[in-house]
Amino acid sequence: MSKPLLCPPELFALDLAGKTYVVTGGNSGIGLITVGQLAKQGAHVVLACRRPAEGEREKAALVAAGVRGTVEVMELDLANLASVRAFASKFLADHTHLHGLVNNAGVMNTPAGKTKDGFETQLGTNHLGHFLLTELLLGVLKASAPARIVNLSSCFHDVAQGRKGAIQFDDLHFEQRKYDGWEAYAQSKLANVLHAKDLATRLEGTGVTAVSVHPGWVRTNLVKSFMPVWAQNTLLLPFLRMGGMIEPWEGTQSTLFALLSPTVSAHSGEYFSQLGMYRDKSANKGGWPLRSPNPNAHDDATATRLREVSRKLVGLEA
Ligand SMILES: NC(=O)c1ccc[n+]([C@@H]2O[C@H](COP(=O)([O-])OP(=O)(O)OC[C@H]3O[C@@H](n4cnc5c(N)ncnc54)[C@H](OP(=O)(O)O)[C@@H]3O)[C@@H](O)[C@H]2O)c1
């Protein structure tokens with residue numbers, strides 16, 4: 001089995017004092033490790049989460065561990081556009097800079113459901129909530145350049161448990177076809193890739209770099225909508241490890257590389273992958289960057305159309 005890709009150690013020696021980052025879903029899994037590492041290197045990190053009490057508990061643990069930077073907990077529910085707008089307003093009122101936005105929060109293979117605004121749960125949370133958040137923070141990102149936007153996608157944007165990743169513009173919210181949780185996840189994760197690709201085009205020359213990443217198959221709480229996390233972490237763990245599951249620190253390497261490596265600004269719009277599962281097996285070892293084996297991830301017209309449709313859905317003018 002291949003070894004996980006690891007950041008060169010010099011990236012973790014960078015002094016991030018004076019830098020500000022926002023990490024969505026910062027209370028758990030890959031997001032929490034990202035918050036901790038950035039704060040360890042001296043940054044001010046906004047831990048954005050839908051359960052602020054949980055965020056405060058994690059912040060207290062990081063402070064107790066002696067991180068050099070500062071952590072600020074802010075409430076953000078990506079499944080509610082009013083919450084996204086309130087978060088952005090408060091952030092912009094309180095901060096003058098943003099050097100990195102990590103669109104990390106996500107849900108996977110959830111039962112059929114809708115967000116507060118009536119979007120299919122996975123597209124609404126994983127893409128549309130982050131889309132609006134990014135639009136509202138683009139000004140401060142540009143004003144803070146060089147800056148980065150990192151979208152947490154997945155190798156499942158290619159194929160998720162047999163379902164090929166595609167954006168079904170005629171039925172984005174599964175109103176005309178039977179709901180399938182994996183198909184909806186694949187659609188939302190392809191949207192994350194296309195969103196970064198489109199941002200890169202729009203942000204050319206601004207000093208803001210946008211990329212998407214696959215973190216690997218990582219032992220986190222992501223499975224909670226369809227299996228007990230305790231079973232993953234105990235009974236099943238030896239088998240899952242043999243199958244390629246990696247630990248949260250390993251699964252955070254792609255995010256940290258995308259945020260911190262000076263090489264990444266030459267690859268805006270591209271996709272960075274830890275170990276993965278792709279229809280083209282030669283991609284399984286990952287790559288920073290990696291050409292996605294999904295042809296739909298390379299279609300400029302789809303990326304533009306997704307932006308236009310997303311703007312309308314989140315209530316921004318076309
Ligand atoms: N783990 C993997 O194997 C894997 C593989 C490929 C891609 N990814 C991607 O990696 C990202 C991070 O996931 P993870 O593995 O670290 O899972 P995780 O531990 O479950 O973390 C997901 C985070 O997203 C938050 N979240 C979910 N819905 C939200 C909402 N409506 N508003 C705000 N926050 C919300 C969760 O909050 P709560 O704690 O309140 O639920 C949690 O903080 C996701 O985008 C996922 O798709 C993970």
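**Exercise 1. Find the residue in strand 5 that is the bridge partner of asparagine 103, then work out how strands 4 and 5 are joined.**

Step 1. Asparagine 103 has asparagine 151 of strand 5 as its bridge partner. Helices (H or I, at least four residues) and strands (E, at least two) are DSSP runs, numbered from the N terminus. Residues themselves are numbered from 1 along each chain as its sequence is written. Please keep in mind that this is a predicted model: local features need pLDDT of at least 70, side-chain atom pairs count only at pLDDT 80 or more, and totals for chains, interfaces and linings use all residues.

Step 2. Look along the pair for another match: leucine 101 stands opposite isoleucine 149 in strand 5.

Step 3. Strands 4 and 5 run parallel and are joined by four bridges. Two strands pair if DSSP finds at least two bridges between them.

Step 4. Now check burial (buried: 20 or more other C-beta atoms within 10 Å of the residue's own; exposed: 12 or fewer; partly exposed: in between; C-beta atoms are placed from the backbone). Six of the six residues of strand 5 are buried, so strand 5 is largely enclosed by the rest of the structure. Ala147, Ile149 and Asn151 point one way, while Arg148, Val150 and Leu152 point the other way. Strand 4 is covered on both faces too, with Gly100 and Val102 buried on one side and Leu101 and Asn103 buried on the other.

**Exercise 2. Place these strands in their sheet: what is the strand order, and which are the edge strands?**

Step 1. The sheet is open and has eight strands, in the order 3-2-1-4-5-8-9-10, with mixed pairing.

Step 2. Its edge strands are strand 3 (70–75) and strand 10 (287–290), each pairing on one side only.

Step 3. On average, neighbouring strands are turned by 20 degrees against each other, direction ignored.

Step 4. On the other side of strand 4 in the order, turn to strand 1. Strand 1 (residues 20–24) runs parallel to strand 4 (residues 100–103), and three bridges join them. Valine 22 has leucine 101 as its bridge partner, and valine 23 stands opposite valine 102.

**Exercise 3. Describe how helix 4 packs on the sheet and against helices 3 and 5.**

Step 1. Helix 4 (residues 121–143) touches strand 1, strand 4, strand 5 (147–152) and strand 8 (208–214), and its direction makes about 170 degrees with that of strand 4. Axes are lines fitted to C-alpha atoms, for helices over the stretch in contact, and angles run from 0 to 180 degrees between N-to-C directions.

Step 2. The axes of helix 3 (residues 81–94) and helix 4 come within 9 Å and cross at roughly 20 degrees. That makes helix 3 roughly parallel to helix 4 (angles under 35 degrees count as roughly parallel, over 145 as roughly antiparallel, 65 to 115 as roughly perpendicular and the rest as oblique).

Step 3. Helix 4 and helix 5 pack at an angle of about 15 degrees, with axes 8 Å apart. Helix 4 is therefore roughly parallel to helix 5.

Step 4. Compare the contacts (C-beta atoms, placed from the backbone, within 7 Å). Leu81, Val84, Arg85, Ala88 and Leu92 of helix 3 meet helix 4 residues including Gly129, Leu132 and Leu133. Towards helix 5, helix 4 uses Gln122, Leu123, Asn126, His127 and Phe131.

**Exercise 4. Which residues of the largest nonpolar core touch the most other members?**

Step 1. A nonpolar core is a set of buried Ala, Val, Leu, Ile, Met, Phe, Trp, Tyr and Cys residues joined through C-beta atoms within 7 Å.

Step 2. Among the 87 residues of this core, the answer is Val22, Val45 and Leu47. Helix 5 (residues 181–202) contributes the largest share, ten residues.

Step 3. Take valine 45: leaving out residues up to four places away in sequence, valine 45 touches Tyr21, Val23, Val35, Leu38, Ala39, Gly69 and Val71.

**Exercise 5. Locate the cis peptide bonds before proline 146 and proline 289.**

Step 1. Alanine 145 is joined to proline 146 by a cis bond, with omega near 5 degrees. Proline 146 sits in the loop between helix 4 and strand 5.

Step 2. The bond between tryptophan 288 and proline 289 is cis, with omega about 0 degrees. Proline 289 belongs to strand 10.

Key: Contact = placed C-beta atoms within 7 Å.
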